[in-house]
Amino acid sequence: MKLSNTERKIIENSIRDIENFPKPGIVFKDITTLLNDKKAFGVLMNHLYHRYKKYDLEYIAGIDARGFIFGAALAQMLGIGFVPIRKKGKLPYTTIGEKYALEYGVDEIEVHIDAFGEQKGARVLLIDDLIATGGTANAAATLIEQAGAQCVESCFVIGLTFLDGIKKLQEKTDVYTIIEVD
Ligand code: AMP
């Protein structure tokens, strides 16, 4: 089901721009105001539910931390499991990890080794609030494959199209963004 222009505007208008956070020159897209707005949150989740109910998904994997909010809500609506992909050192059981480059230095995310069940090839949707350089999402998609599952699509509420993150991630999985910022 396609999102109407009115629905897209409701979502877009609920996202707050915070200039120079966390550092000078960055415009931080604050989705707490979307979560706080029951109409906007409802329109978004309803749209995601109708889009993904036909995908025959087995799990939603959400990226630490805002991906947990949208991902867990959607998993519940679809009646499937949710898998958290976390920053290094947070998950208690055996993990596999993947490093990715930051502007300065590297970071690492992890997933539980058995997160996607015993059978290979589980159909997984990856979700986060925003894609910028795509470094985090690329590492997450790699982890999903390494854990024996398949990342059938990556979904972001916001895509920053002035960076080439979406293009890079498309080499690995289909990418769906709701609001594009250029
Ligand atoms: P990247 O790996 O560069 O695609 O960065 C994506 C991650 O950083 C996501 O988990 C986002 O929540 C966060 N992020 C990056 N840039 C922004 C931004 N301008 N506003 C809000 N979150 C951001």
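The following legends describe close-up views of a predicted model.

**Figure 1. The largest nonpolar core of the model contains 28 residues.** Within this core, the residues with the most contacts are Ala61, Ile85, Val111, Phe116, Leu126 and Ile144. Strands and helices both contribute to the core: at least two residues come from each of strand S3 (59-63), strand S4 (81-87), strand S5 (95-101), strand S6 (106-112), strand S7 (123-131), helix H5 (135-146), strand S8 (150-160) and helix H6 (165-170). Helix H5 gives the most, with 6 residues.

**Figure 2. Surroundings of Phe116, one of the residues with the most contacts inside the largest nonpolar core.** When neighbours within four places in sequence are left aside, Phe116 is in contact with Tyr59, Ala61, Val83, Val111, Ala122, Val124, Ile144, Ala147 and Ala149. Among these partners, Ala61, Val111 and Ile144 are also listed with Phe116 as residues that have the most contacts inside the core. A second core, separate from this one, holds 27 residues, including Leu34, Leu74, Ala75 and Val157.

**Figure 3. The loop between strands S1 and S2 contains a cis peptide bond and a residue with positive phi.** Strand S1 spans residues 16-19 and strand S2 spans residues 27-30. The peptide bond from Phe21 to Pro22 is cis, with omega near 0°, and Pro22 is found in this loop. Asn20 lies in the loop between S1 and S2 as well. Its phi is near 60°, a positive value in a residue other than glycine. Most residues other than glycine have a negative phi, and most peptide bonds are trans. Asn20 is partly exposed, its relative accessible area being 48%.

**Figure 4. Backbone geometry in the loops on either side of strand S3.** In the loop between helix H3 (38-52) and S3 lies Asp56, a residue other than glycine whose phi is positive, near 55°. Asp56 is exposed, with a relative accessible area of 58%. In the loop between S3 and helix H4 (66-78) lies Ala65. A cis peptide bond joins Asp64 to Ala65, with omega of about -5°.

**Figure 5. Cys151 and Cys155 are shown in a structure with 0 disulfides.** The cysteine sulfur closest to that of Cys151 belongs to Cys155 and is 11 Å away. Because a disulfide requires sulfur atoms within 2.5 Å, this distance is too far for a bond. Cys155 likewise is in no disulfide, its nearest cysteine sulfur being that of Cys151. Both residues are buried: the relative accessibility of Cys151 is 8%, and that of Cys155 is 1%.

**Figure 6. The ligand is surrounded by 13 residues.** The closest are Arg66, Asp128, Asp129, Thr133 and Thr136. Three polar side-chain contacts to ligand oxygen atoms are described here. For Arg66, a polar side-chain atom lies 2.6 Å from an oxygen atom of the ligand. The corresponding distance from a polar side-chain atom of Asp128 to an oxygen atom of the ligand is 2.8 Å. A polar side-chain atom of Thr133 lies 2.5 Å from an oxygen atom of the ligand. On its own, the ligand has 490 Å² of accessible area, of which the protein covers 81%.

Definitions and conventions:
Residues numbered from 1 in each chain as written. Predicted model: local features only at pLDDT ≥ 70, side-chain atom pairs only at ≥ 80, totals over all residues. Heavy atoms only, no water. Core = buried A, V, L, I, M, F, W, Y, C linked by side-chain atoms within 4.5 Å. Buried < 20%, exposed > 50% of the residue type's maximum accessible area, 1.4 Å probe, protein only. Helix = DSSP H or I, 4+ residues; strand = E, 2+ residues; numbered from the N terminus. Contact = heavy atoms within 4.5 Å. Near = heavy atom within 4 Å. Polar contact = N/O pair within 3.5 Å; in protein donor to acceptor, adjacent residues only side chain to side chain. Areas by Shrake-Rupley, 256 points an atom, 1.4 Å probe, with all protein chains shown as cover.
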